[in-house]
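Here is a short briefing on one chain. Please keep the sequence and the 3D view open while reading.

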Amino acid sequence: MRRLVLACVLFAGAAQAQDVNIAVGGAFTSLDPHFHNLTPNSALTQHLFDRLLEPDADLRPQPGLAESYRALSPTSWEFRLRPGIRFHDGTPFTADDVAFTFARVPNVAGSPASYAFFTRPVREVVIVDALTFRLETHAPAPLIPAMMQGLPMIGRRQGEGMATSDYNSGRAAIGTGPYRFVSYAPGDRAVFARNTDWYGGAVTWNRVTYRFIGNDSARLAALKAGDVDLIDQVPTRDVADLARDGRLTVFSKPSLRNIYLYLDGWREQTPHVTDHQGRPLPANPLRDVRVRRALSLAINRPALVAQVMDGQAAPSGQLLPAGAVGHDPALVPDRYDPEQARRLLAEAGYPQGFMVALHGPNDRYVNDAQILQAIAQMWARIGVRVRVEALPSSAFFSRSARDEFSIGLLGWGTGTGEPDSPLANLLATIDPSRGRGASNRSRYSNPRFDAAVDRALATLDLAERESVYREATGIAMADQAIIPLHHQVNIWAARRGFTYAPRNDERTLAMSLTRGP
């Protein structure tokens, strides 16, 4: 009897050992894989839904649902699907499901940031047979393979007639991915179970509990207490102490994410800028490039990196960091020059400055609330008095999408390793019919910039494309369309005995977590 009891205990312990608990600091908002192009959502839904091509830790395309692809011409790409792939309900994945996915993406109701960026270049999905299809594009589209890393595939049978609420309830949360849906509580957690039929082979964990803990201290406390096995967005101030803790291991990787400020440069009057007595100004000062330039010059980026980010970031003067495609070494971060900033404000007609509300999230980016406070102190030195309003990311993003703010803190990376996404989404003139400007909160618009982006996205030769990327970026930075601050370093921490393969796309995935030293 004792042997039987011992065997049962050992079996239960082994089963428990194959369960894992993960806590993330970025709020996820939906299990609908096409609802919100937001990194926490993309990471969450990647457990359930596969892509035609899967990005590795450095965003290089790897075979996914598609085992191969080739360019038939500059405007035609042929993909061959892996045979034998099935959805979690047992139905086969075919080229018709690809066509259904492309048709659904632009029509997701209420999407705060659409995935249509990945589908807009495609004029038609041509089904050759059950496992072969062609993507016919409007113009040469050299980034089609990279874009297919960012587009989750769903099934016609599982998704037809389904709304975002059906994915959140689990009714439509049926993919081909490494894990199956168990439960989902919005704003709290999702639970997944191993998909034993996944094409990628056996995954490590029987059961994954994926939790949102937005408070840095609470997330860290949960790790130290053993309530979770892995956390992301480790507070930079705690990295050194964690590295000395024998119970824990820290993992990091430079990020492609640019943290920046957007400014309302389009409305004649903006809601959160007043004179020092709180009276509305007759004109919006943020429309003047001299004012935007002054605000940038008043930010001490090296101090921000050293004191707020504890050295775990790099000052930024453009969209992507050094070493990335399209990075221009000539575009250095604005130097800290408060005297020149005050002169520019005076030239623009604001010698005494003004008052402004600075909005941003308090649970999305590393040290986001502290960044807002530091910038407020820096701007005060040039006469710009700031009221900081740091909000939960769910509230901030929805209100930002409704253009409620004058200046806001955001971050953006790239799913391709190139600046195509930030150029076309953040800075291009808003044009929903072309999938441009979906997240252009500044409402920036410059025909020269748009023309350069058009050329870049249609240029097949990488060296030539990179040159045009730099041209477009230079135009936007000269216009001070946004104020770049810094590029993050992504930091995770795990309990001893777990190993995490860090990613520069910042996603936190159970598939990247293994048992190990």
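**Sheet, helix contact and cavity**

Four strands make up an open sheet in the order β4-β5-β7-β6, and their pairing is antiparallel. The edges are taken by β4 (66–73) and β6 (122–129), each of which has a single partner strand, so one side of each is left without a neighbour in the sheet. From one strand to the next, the twist averages 20°. The model is predicted, and the points below should be read that way.

**Strand pairing**

- Strands of a sheet pair through backbone hydrogen bonds, either parallel or antiparallel.
- At one edge, β4 is joined to β5 (residues 76–81) by six bridges, and the two strands run antiparallel.
- Look for S68 there: R80 in β5 stands opposite S68.
- β6 and β7 are also antiparallel, with six bridges joining them.
- V125 has its bridge partner in β7, namely L135.
- These two strands, β6 and β7, form a hairpin, and two residues lie between them.

**A helix across the sheet**

- Helix α3 (residues 95–104) lies across three strands: β5, β6 and β7 (132–137).
- Relative to β6, helix α3 runs at about 165°.

**Helix α14 against helix α16**

- Helix α14 spans residues 420–427, and helix α16 spans residues 462–478.
- Their axes come within 11 Å and cross at roughly 35°.
- The crossing of α14 past α16 is left-handed.
- On the α14 side, the contact is made by D420, L423 and L427.
- On the α16 side, Y469, A472, T473, A476 and M477 make the contact.
- By class, the residues of this contact are six nonpolar, one polar and one charged.

**Cavities**

- Rolling a probe the size of a water molecule over the atoms shows where empty space is left.
- How many cavities of 30 Å³ or more are there? The count comes to three.
- The volume of the largest cavity is about 570 Å³.
- Its lining has 38 residues, and those closest to the centre of the largest cavity are N37, L38, T39, R257 and W412.
- Which elements give two or more residues to the lining of the largest cavity? They are α2 (39–45), β12 (248–263), α13 (393–401), β17 (407–412) and α14.
- Strand β12 supplies the largest share of that lining, with four residues.
- The lining of the largest cavity divides into 16 nonpolar, 16 polar and six charged residues.
- Helix α14 thus appears twice in this briefing: in the contact with α16 and among the elements of the cavity lining.

Methods. Residues numbered from 1 in each chain as written. Predicted model: local features only at pLDDT ≥ 70, side-chain atom pairs only at ≥ 80, totals over all residues. Heavy atoms only, no water. Pairing = 2+ DSSP bridges. Axes fitted to C-alpha atoms, helices over the stretch in contact; angles between N-to-C directions. Contact = heavy atoms within 4.5 Å. Left-handed = near helix turned anticlockwise from the far one by under 90°. Nonpolar A, V, L, I, M, F, W, Y, C, P; charged D, E, K, R; others polar. 1 Å grid on protein atoms, 1.4 Å probe; cavity = no way out; pocket = protein on both sides within 12 Å on 5 of 7 lines; lining within 4 Å. Points joined across faces, edges and corners; volume = space filled by probe spheres on them.
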